[in-house]
Amino acid sequence: MYPAAEPPAGRSHTGQLFFEYLLVVSLRKKRNKEDYEPHITYQFPKVRPREVMGRLQREEEEKCMKAAHLFCFPEGINWAPLTEYKSETFSFVLTEVDGSRRNGYCRRLLPAGRGARVPEAYCIISRAACFGLFSKIFDEVEKRRQISKAMIYPFMQSLREAPLPSPGNTVSISSFIPDAGTEIISLTRPAESWLEHVDFHTLFRCLNDEEVLMVFAATVTERRIIFISEELSTLSQVLHAVAALLYPFVWQHTFISIVPTVLIDVCAAPTPFLLGVQKNLLEQLTDHSDLMIVDLSPGAETKFITRMGDEESLLPAKLKEELLSRLSARKHHASTEELNRLVSEAFLSVFVQSVGHFSQHVRRSASSRRFHKKSFLKAVEHRSHLNFVKLFIQTQMFDLFIQEEEAQPNPNGTNTHSSLRSSNSRFQSELSGEPLERKAFLKGSSNTSMKLFSFSLWNLNEDSFD
């Protein structure tokens, strides 16, 4: 959701590592108890010696490892051995004390063996946010694991030595497999880096277009929203997709794609949030006031267990009609890239048509630039949009967007995000009646921090792991 720094022109890679750690997290029985607890059975590369790390850095590494326990097995300690288990892939985001973020990618599966056994998790910790790329890496890890666990680590060493490609570029990894010889694995990052952590397929598989619009309306007005599912992968993919609908604005509140059982009390917080909760915890959500709960389960009698009731009227009717028309144009077998582009452009058009004229009302006064709200509201072209615009400009996401625009000394200078530079030319001509407005809107958004407020490592304490 937040692209890496743009590499120098002409560079096909960022100079950034693919990943920091590969962890294997297994479950073991507590002594003299039936409960299980997660523990790290393998780590690559090994943690640096304590004496070469500062105190703060050492604390961050320790909390990162503990968070891997928590999020690889968010269900807690109640497990029973299984003979069958469908592997699943999901992700989480960790925020450190300095505001930097790490992404955790997990694939859970049954370890090799016979008879009933408990799952184990492979977890990759990386600064890069690219779910599709790491899903492909996990496919390779799982393929090698079926041969021998020892086959995984040469592949991960080759991956660690390779530079992370820039958006739109490919890196090739050479890897040897017995009886198959040397394989060349190509790993490509999407050109639009702000969408590389997103796949809209799951969102539109779980919800129809009208339901997605209701979720969007609640999200864009910064409400408290909980998504329910039995599958961790569904929660992870849907929450990241919903946050991506806000582009070029950014969700500024609590975001936890999979809430661990020990942190379920976060659902009672009075502030806005986007949370993913496993369905077996639904009965613990006793207070449904001022809350939207969305059931993503297949065959659910109703997708909205509870909601405020006004979501269908928040978006202007004309914008809703146009948005539904754009979404209906998607192809049934569209690729991830095709679907991502169509959906992101459709929702971007909502912001372009409603608040896209903002740049005309950020004016220089002496040595500073200021946003003039009154003139901005008066200039809303369609009066039917006004109620929505008045609601939206009260949100933190709009407020931060404007603050960062006001702080730009040279608003017409070079864009800072490669993803927005590449999108500028495409969006300028998308709507023939308003190319200049789209251009100004995206220029303004080019300096917006692409960040996602998420689970903080510094919210962890020792009790979280008991």
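**Figure 1. A salt bridge joins Glu183 and Arg144.** The closest N and O atoms of Glu183 and Arg144 are 3.9 Å apart in this predicted model. The pair connects distant parts of the chain, with Glu183 in strand E9 and Arg144 in helix H2, 39 residues apart. Glu183 has a relative accessibility of 23% and therefore counts as partly exposed. Arg144 counts as buried, because its relative accessibility is 0%.

**Figure 2. Within helix H2, Lys143 and Glu140 form a salt bridge.** The distance from N to O in this side-chain pair is 3.4 Å. Helix H2 covers residues 131–147, and the two partners lie 3 residues apart in H2, about one turn of the helix. Lys143 has a relative accessible area of 33%, so Lys143 is partly exposed. Glu140, at 11%, is buried, because burial requires a value under 20%.

**Figure 3. Strands E8 and E9 run antiparallel.** Strand E8 is made of residues 170–177 and strand E9 of residues 181–188; 8 bridges join the two. Among the residues facing a partner across this pairing is Ser174, whose bridge partner in E9 is Ile184. The hairpin has 3 residues between its strands. Asp179 in this hairpin takes a positive phi near 70°. Strand E9 also holds Glu183, the residue of Figure 1 that pairs with Arg144 of helix H2.

**Figure 4. A network of salt bridges includes Arg307 and Glu312.** The network links Arg223, Arg307, Asp310, Glu311 and Glu312. Within the network, the side chains of Arg307 and Glu312 meet at 3.7 Å, N to O. Arg307 is partly exposed, with a relative accessible area of 30%. Glu312 also counts as partly exposed, at 47% relative accessibility. Across the whole structure, a search finds 21 salt bridges.

**Figure 5. Helix H1 has the span expected from its number of residues.** The helix runs over residues 55–72 and has 18 residues. At 1.5 Å a residue, H1 should span 26 Å, and the C-alpha atoms at its ends are 26 Å apart, so the two values agree. The buried residues of H1 include the charged side chains Glu60, Glu61 and Lys63. Also buried in this helix are Cys64, Met65, Ala67, Ala68, His69, Leu70, Phe71 and Cys72.

**Figure 6. Cys130 and Cys267 are buried cysteines in a structure with 0 disulfides.** Cys130 has a relative accessibility of 2% and so counts as buried. Cys267 is buried as well, with a relative accessible area of 7%. A disulfide is a covalent bond between the sulfur atoms of two cysteines. The structure holds 0 of them.

**Figure 7. Residues 1–11 and residues 443–453 have pLDDT under 50.** The mean pLDDT of the protein chain is 82, and 82% of its residues reach 70 or more. Over residues 1–11 the pLDDT stays under 50, and the model has 30 contacts beyond four places in sequence for this stretch. Residues 443–453 also have a pLDDT below 50; this stretch has 50 contacts in the model beyond near neighbours in sequence.

Note on methods
Residues are numbered from 1 along each chain as its sequence is written. This is a predicted model: local features need pLDDT of at least 70, side-chain atom pairs count only at pLDDT 80 or more; totals for chains, interfaces and linings use all residues. Side-chain values use heavy atoms; hydrogens and water are left out. pLDDT is the predictor's confidence in each residue, from 0 to 100. Contact means heavy atoms within 4.5 Å. Helices (H or I, at least four residues) and strands (E, at least two) are DSSP runs, numbered from the N terminus. The expected span of a helix is 1.5 Å times one less than its number of residues. Buried means under 20% relative accessible area, exposed over 50%, partly exposed in between (1.4 Å probe, protein chains only). A disulfide is a pair of cysteine sulfur atoms within 2.5 Å. Two strands pair if DSSP finds at least two bridges between them. A salt bridge is a side-chain nitrogen of Lys or Arg within 4 Å of a carboxyl oxygen of Asp or Glu.
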